[in-house]
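Before looking at the model, a reader may want to ask how each label attached to it is earned. The questions below take such labels one at a time and set them beside their definitions.

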Amino acid sequence: MSITSASLPELLDIEEPDTLSPRESALRDSALPETAGPEIDLPRAQAAIAEFLRALGRDETDPHLLDTPRRVAAAYAEMLTPRETNWTTFPNDDGYQGLVLVKDIPFHSLCQHHLLPFRGVAHVGYLPGERLFGLSKLARGVELFSRDLQVQERLTQQVADWLENTLAPRGVGVVLEAEHMCMSLRGVHTAGTLTRTSVFTGPLNDDGPLRSQFPH
């Protein structure tokens, strides 16, 4: 899968003319994230799930399990494939300087150590420089990096780096809160516990009224 850059910017998903020069467009596009990942071989994954069931002592020919390999392969393929979108930015013509913050963005990902889900909410914000994002792109950015085999710490950093590289803002804040099934369903069995990770840059790295708008 590949990401394409549209020629029209978005503000709350309303398109307006883009004023970027060709050089600025090339620089902007070079910072945009790519979604082209490893190709998923569904038949091979399905066969592996059937073998996995046999290794667990299950009879994959049982009527209740006959279609399980296909379902599991399709489910993991979906969870590891972000939706295609464009990443158009638009000029901050009005010189807005305040915090842009979207809270409680739901996300889910897969723990790379156990292949079990972790899920929660993300709070993503930035202090604009010369460019802005449509608000929906903050949620799409979280989805882009979460649909992978992940650890929460890296996921948090990736979202922050993406904002920094794409917008060159004055500051970035990313807070993720999630429950990990590898802790809830196995091991220490601590159901309901939340793990919080955060990255702050620029003025948001200092305690104050801007930083206090993020959950803490």
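Q: What makes S4 and S5 a pair of strands, and in which sense do they run?
A: Strand S4 (residues 100–111) and strand S5 (residues 117–127) are joined by nine bridges and run antiparallel. Two strands count as paired if DSSP finds at least two bridges between them, and the strands themselves are DSSP runs (E, at least two residues), just as helices are runs of H or I with at least four residues, both numbered from the N terminus. Within this pair, phenylalanine 107 has glycine 120 of S5 as its bridge partner, and valine 100 stands opposite tyrosine 126 in S5.

Q: What kind of model is this, and how are its residues numbered and its values restricted?
A: This is a predicted model, in which local features need pLDDT of at least 70 and side-chain atom pairs count only at pLDDT 80 or more, while totals for chains, interfaces and linings use all residues. Residues are numbered from 1 along each chain as its sequence is written, and side-chain values use heavy atoms, with hydrogens and water left out.

Q: How many helices and strands does the protein chain have?
A: The secondary structure of the protein chain comes to six helices and nine strands.

Q: What is the order of the strands in the open sheet, and which of them stand at the edges?
A: Five strands form an open sheet in the order S7-S4-S5-S8-S9, with mixed pairing. S7 and S9 are at the edges because each has a single partner strand, so one side of each is left without a neighbour in the sheet.

Q: How do you know in which sense S4 pairs with S7, and what are the bridges between S5, S8 and S9?
A: S4 and strand S7 (residues 149–150) pair in the parallel sense over two bridges, and the partner of cysteine 111 in S7 is glutamine 150. S5 and S8 run antiparallel and are joined by 10 bridges, with histidine 123 opposite valine 175 in S8. S8 and S9 also pair in the antiparallel sense, over six bridges, and there valine 175 has serine 198 of S9 as its bridge partner.

Q: Why is S8 called largely enclosed?
A: Nine of the 10 residues of S8 are buried, so the strand is largely enclosed by the rest of the structure. Buried means under 20% relative accessible area, exposed means over 50%, and partly exposed lies in between, with a 1.4 Å probe and protein chains only. For the protein chain as a whole, buried residues make up 38% of the 216 residues.

Q: Why is histidine 189 called exposed, and where does it lie?
A: Histidine 189 has a relative accessible area of 52% and is therefore exposed. Histidine 189 lies in the loop between helix H6 (181–184) and strand S9 (195–200), and its phi is near 55 degrees, a positive value in a residue other than glycine.

Q: Which residues in and around S4 take a positive phi?
A: Aspartate 104, which is placed in strand S4, has a phi near 55 degrees, a positive value in a residue other than glycine. Leucine 115 takes a positive phi near 60 degrees in the hairpin of S4 and S5, which has five residues between the strands.

Q: Why is H2 called oblique to H3?
A: The axes of helix H2 (residues 42–55) and helix H3 (residues 68–79) come within 8 Å and cross at roughly 125 degrees, and that makes H2 oblique to H3. Angles under 35 degrees count as roughly parallel, over 145 as roughly antiparallel, 65 to 115 as roughly perpendicular and the rest as oblique; the axes are lines fitted to C-alpha atoms, for helices over the stretch in contact, and angles run from 0 to 180 degrees between N-to-C directions.

Q: What is the angle between H4 and H5, and why is their arrangement oblique?
A: The axes of helix H4 (residues 135–146) and H5 come within 9 Å and cross at roughly 135 degrees, and the two helices are therefore oblique to each other. Among the residues in contact (heavy atoms within 4.5 Å) are Leu138 and Phe145 of H4 and Val159 and Trp162 of H5.
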